[in-house]
Amino acid sequence: MVDAPLYLEPRVEEPLRGLLASPALLHSLVDALGSPLNVVLPDVIADNVAAFRAVYRRHHLGGQVYFAHKANRSSALVRRLAATDAGLDAASLDELGHSLGSGFTPERVLATGPKDPDFLWLAARAGVTVSVDSHAELTDLIRLVRAHALPCVRVLLRLSGFEAEGVRVLSRRTRFGTPVGAVGALLDLAERHRDAVELSGVAYHLDTTGIDEKALALEGCVLVMDEARRRGLDPRAIDIGGGYGARYLADGEQWERYTTELTRAVLGRRPPLTWRGHGYGLRNEGGTVRGQLTLYPAHRSVAGPAYLDELLTTRAPTLDRTLADLLLEHLYDLHVEPGRALVDQCGVSLARVLDVRPLDDGSHLVRLGMNAGDVTLEEHGVLADPVIVPRDDRREGGEEGRAPVGVYLVGNLCLEADLVTRRMVFLPALPVRGDVLAFPNTAGYCMDFHAHRAQMQPRARTVAAGRRAGSWWWSLDERYWPSTYMSGEA
Amino acid sequence: MRYDDITEAIGNTPLVRIDPAVHGLRGIDLYAKLEMLNPFGSVKDRAAWGMLRPRLDAATAAGEQVVELSSGNTAKALAVLAGMHGLTFKSVTNRMRVPEIRELLVLLGAEIEELPGRSECLDPTDTDDPLTQFHRSLSEDGTSYLHTDQYYNPRNIEAHATGTGPEIVKDLGGRSPDWFIACVGTAGSSTGVARVLREHDPGVGVVGLVAGKSDFIPGIRTIDEVNEVGLFDPDTYDTIEAVSADEAIDGMVVLNRRCGLLAGPTSGAAYHGAVRHLREHDAEPGEHGEHRTAVFIACDRVESYLGYVRQRRPELLGRAPHRNALSSVTEAELAAVRSVDVAGAREWIARERPLVIDLRGPHAFAALHIEGSLNIVDELFEQQVHGGLPFGRGQSVLLVCPVGEKSARFAALLTRMGHPDVRSLDGGVVAWRDAGAPLTRD
């Protein structure tokens with residue numbers, strides 16, 4: 001009963017495309033290091049930084065591109081970044097240690113996120129900039145600096161709850177940041193304790209794709225910076241956080257067709273597209289669709305550096321200049337913290353096909369040597385098809401057996417819930433035992449965000465790979481250093 | 001026509017024939033139902049009044065606020081109607097992408113709430129869609145709302161079943177047209193009119209038009225979004241077809257320029273979708289060989305959509321290039337500009353007191369600037385020089401911008417216009433600050 005295949009072909013660009021076209025290499029890697037296996041391409045992250053820098057140059061802006069480390073824990077990626085001019089946003093004690101140990105000097109590191117006293121102490125001791133979440137945290141930091149006789153710490157004040165004039169722009173409720181209405185007390189503290197903390201700027205991070213919300217926040221930050229200047233402080237930078245997005249799919253029409261068919265399936269106007277009729281947030285109430293699609297917008301016309309460009313070209317809601325002009329004219333630097341967008345096309349997750357079995361409805365179950373915690377596509381709402389890397393090109397039966405199929409990808413845990421995909425994945429041919437399925441572009445959050453040791457299944461090793469003189473090199477992630485493997489050098 | 005109340009002017013809109021020389025259909029007469037001529041400017045006037053009227057007295061007594069999920073025309077009509085009756089109005093939307101309409105609503109006294117955009121990192125604790133949150137907020141304690149609920153309210157359909165539909169039949173001499181073509185937004189007008197037309201002639205062909213999925217046409221839903229509308233029933237339509245934003249604008253321009261109908265892009269979509277659909281049936285003969293008829297709805301006016309057109313098809317608003325346009329500066333002229341570095345500029349200012357013009361925005365200028373400088377924002381300055389030099393030739397001028405790029409272009413232009421001594425600050429205010437030169441705030 002599988003009708004026209006609803007492919008969601010992943011966007012795969014060079015050099016990832018070349019890697020996926022190297023089945024012998026990928027199979028030997030999985031044979032040697034086990035399934036699942038993550039492969040990261042460290043040179044790509046450097047190219048992505050350069051693409052963000054190009055947007056800075058176009059708008060004549062200064063400031064830092066901070067990699068949000070939480071997007072991926074690979075050492076290779078962090079060390080390769082250390083060999084660029086990028087910064088790093090560390091959101092935990094261990095991430096901070098990792099970045100310093102990978103070659104990041106303290107002035108290129110920003111400590112963000114929820115912080116315990118140890119994290120705060122190391123940040124202050126090392127001399128990294130601290131993005132302060134609340135009044136209490138700033139008080140703690142000042143106390144730490146005094147108690148341990150530490151040097152003055154540079155701080156950014158993370159703000160939230162920006163208010164618009166004329167039109168009320170609603171934003172999702174956030175756990176983070178200080179409401180902008182209460183910024184006065186923060187500035188009071190910074191003013192009073194200038195010997196302990198140096199206000200280097202303000203920050204916001206909004207979890208939204210909405211340009212208007214971000215424009216409102218950025219303008220709000222400019223106003224706060226001016227207030228700080230009026231008080232005789234000398235803030236220099238506005239940190240606008242992340243959320244630039246990635247484009248996971250190659251073809252917008254496939255995405256539109258898929259979501260339309262999903263809506264029809266929820267309304268009962270076509271057979272289900274998901275395991276047990278899961279609606280991805282949509283539900284049918286008397287023939288009308290309610291709820292919202294809890295899926296990452298996997299195809300979008302503007303993502304990554306282009307989204308930053310669009311944001312900077314947007315006019316500020318009341319000061320009526322483009323946001324880029326507003327920053328430049330006020331002599332403020334721009335900090336960004338892309339996670340997902342910086343690791344775009346940087347990584348792939350590999351899994352061995354362990355078992356293939358038919359189901360009553362004509363679809364198949366494909367059991368993989370990985371589980372839903374190893375590649376958290378569903379957790380992050382990212383829908384993109386895997387690429388089949390065949391074990392043997394000269395498969396018996398030739399082209400005859402190569403008809404499109406719908407499959408459910410299930411994991412290696414003895415749990416009903418362990419579905420690598422809750423949707424039926426359409427593939428151009430049925431994979432067979434021994435093939436490898438490659439999930440492209442998983443380096444942003446999907447690759448190892450939730451991997452854990454349940455049921456003692458093997459956790460994915462990570463290797464770094466790249467091209468040199470026409471052939472692929474690879475190294476264990478922890479053994480990668482730019483001095484040995486950086487391409488195009490010495 | 002003499003009325004006591006503007007609401008009496010709602011409805012009874014003209015049905016105007018489109019010149020066959022324009023649409024090119026030979027066997028079909030095409031008519032536009034000019035809903036844009038309703039007093040508040042759109043087809044939504046009928047539904048808004050239909051939904052509000054029966055509940056006005058109770059709402060006034062209770063001091064309720066009228067609320068609606070609307071990005072445009074329904075909000076406009078409700079804002080006026082509510083205001084006329086001493087009530088306030090709030091529009092909640094995540095679709096208000098037409099800035100002119102947003103400002104008009106504020107002018108009419110409406111309160112506007114924009115719903116949050118989509119989440120970038122999926123948050124499993126965020127289970128409700130914004131609309132569910134909106135409905136919940138309506139029932140919270142201590143709030144008092146009149147929710148007109150246009151996507152579910154049967155009075156929306158009723159307004160067209162008792163007004164728009166019968167008017168079309170009357171103007172066609174008591175007959176239904178052979179085709180009725182309508183864009184689907186709330187589905188109110190298409191459902192109400194189709195019901196009446198089918199009562200007269202079950203054979204009428206009803207065409208619903210939706211927007212292409214990645215397109216935005218104001219007032220029209222996409223093929224997926226119509227499923228979120230309570231009034232939408234796929235059986236109302238014989239066919240549902242998609243129109244692109246480009247086609248909508250093409251259709252709009254034809255209505256504007258060739259038919260004398262100052263209708264907006266949604267009307268353009270209806271016209272374009274109508275002609276495209278009817279062209280396929282144009283060769284089929286009518287029952288007795290006579291001309292057949294088709295009606296589409298021209299639902300609102302063009303004026304609010306200039307920004308929409310500017311964004312998508314700027315060439316349609318093309319004006320002759322300005323004299324002294326900044327964009328006409330050549331590389332050679334730019335290379336010949338006299339720029340002056342920070343040290344040189346400080347010395348020059350102290351010696352000759354040139355006029356220092358800072359081209360940045362007023363807020364940035366107020367925060368920090370070179371002492372004694374004058375702020376003329378670049379956009380304003382550009383308009384000024386279209387007409388000629390804004391200062392005498394004897395007055396030396398130093399132009400300042402953030403990094404010295406914009407000021408160099410202006411310096412090149414003013415030099416071409418005949419100014420003998422206009423210079424650009426090399427590296428701009430950024431270089432000035434980095435050199436440690438003084439900046440003041442007043």
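1. Secondary structure of chain A. In this predicted model, chain A contains 13 helices and 21 strands.

2. Overall dimensions. The C-alpha trace of chain A extends over about 80 × 60 × 40 Å along its principal axes. For 490 residues, a compact globule would be expected to have a radius of gyration near 23 Å; chain A has 24 Å, which agrees with that expectation.

3. Burial and contacts. In chain A, 59% of the 490 residues count as buried. Among contacts in chain A with a separation of 6 or more, 72% are made by residues 24 or more positions apart.

4. Surface and charge. Chain A has an accessible surface of about 19,100 Å², and carbon and sulfur atoms contribute 50% of that area. Its charged side chains number 55 positive and 63 negative, with the centres of the two sets 2 Å apart.

5. Helix H13 of chain B. Which residues of this helix are buried? Within residues 342-352, the buried positions include B:Val342, B:Ala345, B:Trp348 and B:Ile349. Viewed down the axis of H13(B), the buried residues lie within an arc of 125°, and they therefore line one face of the helix. B:Ala343 and B:Ala350, on the other side of H13(B), are exposed.

6. Surroundings of H13(B). Against which elements do the buried residues of this helix pack? Their partners in chain B include four strands, namely E11 (338-340), E12 (355-358), E14 (397-400) and E15 (422-425), together with helix H17 (428-434). After H13(B) comes B:Arg353, which has a positive phi, near 50°.

7. Position of B:Val329. This residue is located in the loop that runs between helix H11 (306-312) and helix H12 (331-335) of chain B. Is B:Val329 buried or exposed? Its relative accessibility is 8%, and the cut-off for burial is under 20%, so B:Val329 counts as buried.

8. Neighbours of B:Val329. When residues up to four places away in sequence are set aside, B:Val329 touches B:Leu334, B:Arg409, B:Ala412, B:Leu413 and B:Arg416. One of these, B:Leu334, has a residue number that falls within helix H12 (331-335) of chain B. With respect to B:Glu8, which is 321 residues away along the chain, the C-alpha atom of B:Val329 is separated from that of B:Glu8 by 57 Å.

Key. Residues are numbered from 1 along each chain as its sequence is written. Chains are lettered from A and ligands numbered from 1 in the order in which they are written. This is a predicted model: local features need pLDDT of at least 70, side-chain atom pairs count only at pLDDT 80 or more; totals for chains, interfaces and linings use all residues. Side-chain values use heavy atoms; hydrogens and water are left out. Helices (H or I, at least four residues) and strands (E, at least two) are DSSP runs, numbered from the N terminus. The radius of gyration is taken over C-alpha atoms; the globule rule is 2.2 Å times the number of residues to the power 0.38. Buried means under 20% relative accessible area, exposed over 50%, partly exposed in between (1.4 Å probe, protein chains only). Contact means heavy atoms within 4.5 Å. Accessible areas come from the Shrake-Rupley method with a 1.4 Å probe; for residues, only the protein chains shown count as cover. Lys and Arg count as positive and Asp and Glu as negative; His and the chain ends are not counted. The place of a charge is taken as NZ of Lys, CZ of Arg, CG of Asp or CD of Glu. The arc is that of the directions from the helix axis to the C-beta atoms.
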